Amino acid sequence: PAASAVSGTSVAVLGACHSEPAGHAFVDAGCRHVVAVRADAKVLDDDAALFARTFFFCLFQGYSVRAAFDRARGAVASAPSPRSLPTEQDRQAEASKFLLLPARVPHDERP
């Protein structure tokens with residue numbers, strides 16, 4: 001039953017903290033492209049929202065899933081720094097919390 005609900009879904013975005021295990025479950029259920037947050041990571045709400053806005057905007061503009069993902073990570077990495085993440089290194093670390101699953105797939109599809 002759970003697999004049938006996801007089967008045929010081409011893209012899912014799980015912007016919640018620690019969502020990687022759920023992301024793998026989506027992949028196992030048949031979703032071809034899943035964005036998740038590393039299992040060991042919390043992500044700031046503003047960064048999750050920025051990632052999602054940029055990712056979906058790029059998809060709607062015709063980018064591939066991989067290109068949209070890379071642009072969304074870049075948007076998080078280059079966003080103005082909140083006081084909680086003041087350095088460029090902190091911003092890069094925040095951006096690296098987002099994963100595109102499954103890992104060994106090119107994600108060249110344009111959904």
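In this predicted model, helix α4 passes helix α5 in a right-handed crossing. The axes of α4 (residues 65–78) and α5 (residues 88–95) come within 7 Å and cross at roughly 150°. Because angles over 145 degrees count as roughly antiparallel, α4 and α5 are assigned to that class. On the α4 side, the contact is formed by Arg73, Val76 and Ala77, which meet Arg91, Gln92, Glu94 and Ala95 of α5. Sorted by class, the residues of this contact comprise three nonpolar, one polar and three charged.

A second site of interest is Ser19, located in the loop that links β1 (11–13) to α2 (20–28). Ser19 has a relative accessibility of 6% and therefore counts as buried, the cut-off for that class being under 20%. When neighbours within four places in sequence are left aside, the contacts of Ser19 are Leu14, Ala36, Val37 and Arg38.

Confidence in the model is summarised next. The chain has a mean pLDDT of 90, and 88% of its residues reach 70 or more. The two extremes among the elements of the chain are tabulated below.

| Element | Residues | Mean pLDDT | Rank among elements |
|---|---|---|---|
| Helix α1 | residues 2–6 | pLDDT 58 | lowest |
| Strand β3 | residues 98–101 | pLDDT 98 | highest |

Helix α1 thus has the lowest mean pLDDT among the elements, at 58. Where pLDDT is low, predicted coordinates should not be read in detail.

Methods. Residues numbered from 1 in each chain as written. Predicted model: local features only at pLDDT ≥ 70, side-chain atom pairs only at ≥ 80, totals over all residues. Heavy atoms only, no water. pLDDT = per-residue confidence, 0-100. Helix = DSSP H or I, 4+ residues; strand = E, 2+ residues; numbered from the N terminus. Axes fitted to C-alpha atoms, helices over the stretch in contact; angles between N-to-C directions. Parallel < 35°, antiparallel > 145°, perpendicular 65-115°, else oblique. Left-handed = near helix turned anticlockwise from the far one by under 90°. Contact = heavy atoms within 4.5 Å. Nonpolar A, V, L, I, M, F, W, Y, C, P; charged D, E, K, R; others polar. Buried < 20%, exposed > 50% of the residue type's maximum accessible area, 1.4 Å probe, protein only.
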